[in-house]
Amino acid sequence: MRRYGIRPEYLARAGRRATCATSSVRPIPALKSTPSKSCLCSCGRRFFSGNAIKVINPKQFSTGFGAGTNDTIYALSTAQGRAGIAVIRISGPSCLDALPKPRYASVRSLLDPKHSGGPHQGVLDSEALVLFFPSPKTVTGEDVLELHIHGGPATIKAVLAAIPQCPSQHRIRYAEPGEFTKRAFLNDRLDLARVESLGDILSAETEQQRRAAVRGNSGALARTYEGWREELLLARGEIEALIDFSEDQHFDESPSDLLHNVATLVDKILQGIHLHEQGGQRSELLRSGIRIALLGPPNVGKSSLMNLIVGREASIVSGEAGTTRDIVEASLDIRGYLCSFADTAGFRSSDALGPSGPVGAVELEGIRRAKQKAQESDIVVVLASIEKGPSGPFVHYDRETLDIAAAADAHLIVVNKKDAVEAAEFERLLKEFRQRLGEKVPKLGPSRAAAISCKEASLNSVRSKDPGGIHALTEAMVSTFSQMTEMPVDLQDLLGVTARQAQLLAKCRGHLEEFMVEARPENPEVEADTVLAAEFLRYAADCLARITGKCEAGDVEDVLGVVFEK
């Protein structure tokens, strides 16, 4: 069955051609090997001692990746400093190609290649584990040698200094930052999407960050983007074939029918991009952290609550209203979610009077910054408190902070100082507060206000499993975090979408939307511009190619093949 004018046999031919086009690695026969004792390179001096090893120069590859790719690179793969074991990785044509079997661990003594003494002289490490991985199924796609040595700083320094001293036909040098990963990408061991996920795995600090990074490292995202790119490529080939050869060849479909069929495909891709953008937004919350702003009037317990949550005195706590004038921030890991809390200045109007007098210029600036921080935050937590007045206890809150919470993507309402009144009285006040919320700010009507007591929590009473209700509030926050970042089970891989990928997906979506405008004009009497429509498909495919690292030259060759084979 044909889709948008493409025959099944054509798809099969295009797939075979694409397979051949990617086979760019051409092995060169190895140079003549010479037997000697164990050594790193094809040289007469020893680097490894033990059983005799047959030294073979590794296969050379003509990959066309520029100067320096024939260099053998090495680096310390484990962290700097003292450790039980340190791993040094070597990649390139100067690696050993035998002993006793590839991918088998061997214990050997490492000797200084320039030492001319006896077999027990110049020992760098008497018992090192040596592993050889032949190309191409290695981390870099090249021959790789790993030295697992004792992790003392002096031993590491000595072995690293000895490696470039080994005679070789190729230059041996210390790897540049990220060069092992770069070679893996150039040798088709990793696509660009997985390279980004690898960086996220290495930088993950929380459990949720780790899970998101692992999702991106599965390769499913790259396969999806490449599948979309190939579909757009084939669709564009059909359109350009119709443009170039419509006068010489007979086509089953008219330009309008072909564009309509392609638009159906683009509709499906646009739906997929929308889901991926949602996944990118959620994954960005996991990677960068969820920003939480604490708002409320002065002296309702914002600073006390923040100190209790983060477990330290991040903010100054005082009975004097307006103590917090500037934004105080603190980050922590809550159940695997990276969170950044911001304690802000209490909200008061410029003509208000309080124990500390009228609102001054400094406090007004603090309130302005608090509003700005709330607009930048992912969750707004509004605090109110139980206070006692001349006519009895009441719930003290600020109307402006409630309006800000209603406009936020997510919010929590918290009532502090529940210990100030009896339980029955508190329930009555809380019920009245909820009713008032529904009347004044309808969007906050369904919100459930959390009741806490920072005073009880700070005393840490052993009579209660949750003194002050702080644990219950934390659970409510975690539930909100989960709702903001969760994805359906079958779409969990979308949590691996990075910020760069999301930006390119947004550009791709824009080009596809422009194609839809051109392919489905509002006025049926207006003829669609097929040349412009094909260009929009090209721009969209280029965005997808940049996500996976596909070069534009290859795209041009593929399109030419599509046109002429048609």
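All seven of the seven residues of strand 14, which spans residues 337–343, are buried, so this strand is largely enclosed by the rest of the structure. In this predicted model, the burial of strand 14 extends to both of its faces: Tyr337, Cys339, Phe341 and Asp343 lie on one side, Leu338, Ser340 and Ala342 lie on the other, and all are buried. Here a residue counts as buried when its relative accessible area is under 20%.

The pairing partners of strand 14 can be followed next. Strand 12 (residues 290–295) runs parallel to strand 14 and is joined to it by five bridges, with Ile290 having Cys339 as its bridge partner in strand 14. Strand 13 (residues 328–334), in contrast, runs antiparallel to strand 14, and seven bridges join the two; in this pairing Ala330 has Phe341 as its bridge partner in strand 14. Strand 13 and strand 14 form a hairpin with two residues between the strands, and in that hairpin Arg335 takes a positive phi near 55°.

Ahead of strand 12 in the sequence comes helix 7, which covers residues 255–288. Helix 7 has 34 residues and reaches 47 Å from its first C-alpha to its last, a span close to the 50 Å expected at 1.5 Å a residue. Just after helix 7, Gly289 takes a positive phi of about 100°, and strand 12 then begins at residue 290.

Another enclosed strand is found earlier in the chain. Five of the six residues of strand 8 (residues 106–111) are buried, so strand 8 is largely enclosed by the rest of the structure. Strand 8 pairs with strand 9 (residues 123–133) in the antiparallel sense over five bridges, and within strand 9 it is Val130 that stands opposite Ser106.

Attention can now turn to a pocket. The second largest pocket has a volume of about 410 Å³, and of the 17 residues that line it, the closest to its centre are Ala75, Leu76, Ser77, Gly178 and Phe180. Strand 6 (72–76), helix 3 (179–186) and helix 4 (192–203) are the elements that give two or more residues to this lining, whose residues divide into eight nonpolar, six polar and three charged.

These elements belong to a protein chain with 16 helices and 18 strands. Buried residues make up 47% of its 566 residues, and, among the contacts with a separation of 6 or more, 69% are accounted for by residues 24 or more positions apart.

Conventions:
Residues are numbered from 1 along each chain as its sequence is written. This is a predicted model: local features need pLDDT of at least 70, side-chain atom pairs count only at pLDDT 80 or more; totals for chains, interfaces and linings use all residues. Side-chain values use heavy atoms; hydrogens and water are left out. On a 1 Å grid over the protein atoms alone, a cavity is a set of points where a 1.4 Å probe fits but cannot get out, and a pocket is an open set with protein on both sides within 12 Å along at least five of seven lines; lining residues have an atom within 4 Å of a point. Grid points are joined across faces, edges and corners, and a volume is the space filled by probe spheres set on the points. Helices (H or I, at least four residues) and strands (E, at least two) are DSSP runs, numbered from the N terminus. Ala, Val, Leu, Ile, Met, Phe, Trp, Tyr, Cys and Pro count as nonpolar, Asp, Glu, Lys and Arg as charged, and the others, Gly among them, as polar. The expected span of a helix is 1.5 Å times one less than its number of residues. Buried means under 20% relative accessible area, exposed over 50%, partly exposed in between (1.4 Å probe, protein chains only). Two strands pair if DSSP finds at least two bridges between them. Contact means heavy atoms within 4.5 Å.
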